[in-house]
Amino acid sequence: MGLLDATAHAFALLFSGDAALWHIVWVSLKTSILGLLFATPPAVLLGYLIAMHRFPGRRVAVWLAQAALSLPTVLIGLLLYLLLSRRGPMGGLEWLFSQPGIVLGQMVIGLPVLLAFTLAAVQALDPRYAETALAHGASRWRVMTTVLHEARYGVMAAVISGFGRVISEVGCALMVGGNIEGQTRTITTAIALETSKGEFAQGIALGIVLVSIALLMNGALVLLQGEAHSAGARL
Amino acid sequence: MNATVNATVNLKPSAPLLSLRTLRKAYGERHLFDIERLDIEAGGAYVLTGANGTGKSTLLRMLGGLERCDGCQVELEGKRMPLYPYPTLLRRAVVYVHQHPIMFSTSVGHNIAYGLLARGMNGHAARPLVEEAMEWAGVAHLRHSDPARLSGGEKQRVALARARVLQPRLLLLDEPTANLDGAAREQVIKLIPTLLEQGRSVVMACHDRDLIGLPGVRRFKLRDGRLETR
């Protein structure tokens, strides 16, 4: 099958409402969004705390957070595989080759992205925001919500970047999820499988979906950043 | 040359509001200041002068709980306590306003209500206080405005209203007229004496001759790490 034929077939699959294909998209979106939902609160909290406080080992914490960004997802997959396998310390959960296992993997992959970007966004914010909140009697919690509100464009960028990272990764989802049809097959694992079989149509169709999601998410980010820049231009 | 602004401080000093002891600040080997004692009377107005880099802002930030101060002691209305960690009692009594006040990216009205809401007051109860503060500062027409669009003078008046609405015992103003000129500066200078209502004390770090020369204002000068009283 040539590239043109495969592409035509891919569009036919997309617009015919192919159930298997859209189920794969659904599993990808569901696991990525859930993983991100679980990762966001602790990552944002940690990013904020590291950015706002001086403590022994802070530089090591920043270094580790940034280094974690470049951890290969396949290595995270291997570690989780060992943890979740029947003889592993988390084997009792029976999450290996299941959607909860993928969600856990997406959470672990997304957390450093969210943390590092939130840390950078809060660090870049004028310290007078926190000082003004404090000077007007805000509690620590209120200072945090005020600072995060002021750094919201950076935090949103963190969430969108985190989503981009988790939905596009293949190594962890393949190792922890097992690429089981109808259960743990995600967009990326399906593309890898179909390509290895020489069946390009579904791979191209899923690729189009993935690129569309990436374009939508980054379009939203550009819109948000545009709003932030125009607000800044008024200062 | 600064234009003369007619404003009078109605000075009615009474018992000391705050007595501070051993205010020391050093950056490594460099000693910024070493002040044995500083008394601030209730209803007193003070200006803190001194050359750039003598530590005026640092001292104000220390009094406002924004700067660490190891070993410093404070006595608030007879109760003695360390200045660091900053006591809750002081947090309720003292408000510090930056030289270039920062505005939260909400609205002018919300900025002024910020401290009231942060201290647990509900929006309904805060509304009349915020309205009164906006009227006082002459910014009522800006209540729904985006603070990012305000001029420097408007921001300073909003910041003063935001601090005043909390009815603090002591207001710390860091260069309240810095970078303001003309009508904006005069409007701010005219507001300063009215801040002393209800026995409130004000300490300002400044270089502005019109503020320094306001009748009834006492002067501290930081020189060579010591505080001189004028």
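This report walks through a few backbone features, one sheet region and the contact between chains A and B. The model is a predicted one.

**Strand 4 of chain B and its neighbours**

Let's start with strand 4 of chain B, which spans residues 73–76 and has side chains that alternate. V74(B) and L76(B) share one face and are buried, while Q73(B) and E75(B) point to the other face and are not buried.

This strand has partners in strand 1 and strand 5. Strand 1 (residues 16–27) of chain B runs antiparallel to strand 4, and the pairing covers four bridges. Here L76(B), one of the buried residues, has L18(B) as its bridge partner.

Strand 5 of chain B is also antiparallel to strand 4, again with four bridges. In that pairing E75(B) sits opposite R80(B). The link between strands 4 and 5 is a hairpin, with two residues between the strands. E77(B), in the turn, has a positive phi of about 50°.

Carry on along chain B past strand 5 (79–82) and you reach the loop that leads to helix 2 (88–93), where P85(B) lies. The peptide bond joining Y84(B) and P85(B) is cis, with omega at about -5°.

**Positive phi in chain A**

Chain A has its own backbone oddities. F97(A) is not a glycine, yet its phi is positive, and the same goes for N179(A), also with a positive phi and not a glycine. The table puts their values beside their loops.

| Residue | Phi | Loop in chain A |
|---|---|---|
| F97(A) | about 60° | between helix 4 (73–84) and helix 5 (99–124) |
| N179(A) | about 55° | between helix 9 (171–177) and helix 10 (187–197) |

How buried or exposed are they? F97(A) is partly exposed, because 18 other C-beta atoms lie within 10 Å, and buried would take 20 or more. N179(A) also counts as partly exposed, with 18 C-beta neighbours inside 10 Å.

**Where the chains meet**

How many residues does each chain bring to the contact? Chain A gives 17 residues and chain B gives 18. On the side of chain A that touches chain B, the elements giving two or more residues are helix 6 (128–135) and helix 7 (140–150). Helix 6 of chain A has the largest share of that side, at seven residues. By residue type, the side of chain A that touches chain B splits into seven nonpolar, four polar and six charged.

Methods: Residues are numbered from 1 along each chain as its sequence is written. Chains are lettered from A and ligands numbered from 1 in the order in which they are written. This is a predicted model: local features need pLDDT of at least 70, side-chain atom pairs count only at pLDDT 80 or more; totals for chains, interfaces and linings use all residues. A residue is buried if 20 or more other C-beta atoms lie within 10 Å of its own, exposed if 12 or fewer, and partly exposed in between; C-beta atoms are placed from the backbone. Two residues are in contact if their C-beta atoms, placed from the backbone, lie within 7 Å. Ala, Val, Leu, Ile, Met, Phe, Trp, Tyr, Cys and Pro count as nonpolar, Asp, Glu, Lys and Arg as charged, and the others, Gly among them, as polar. Two strands pair if DSSP finds at least two bridges between them.
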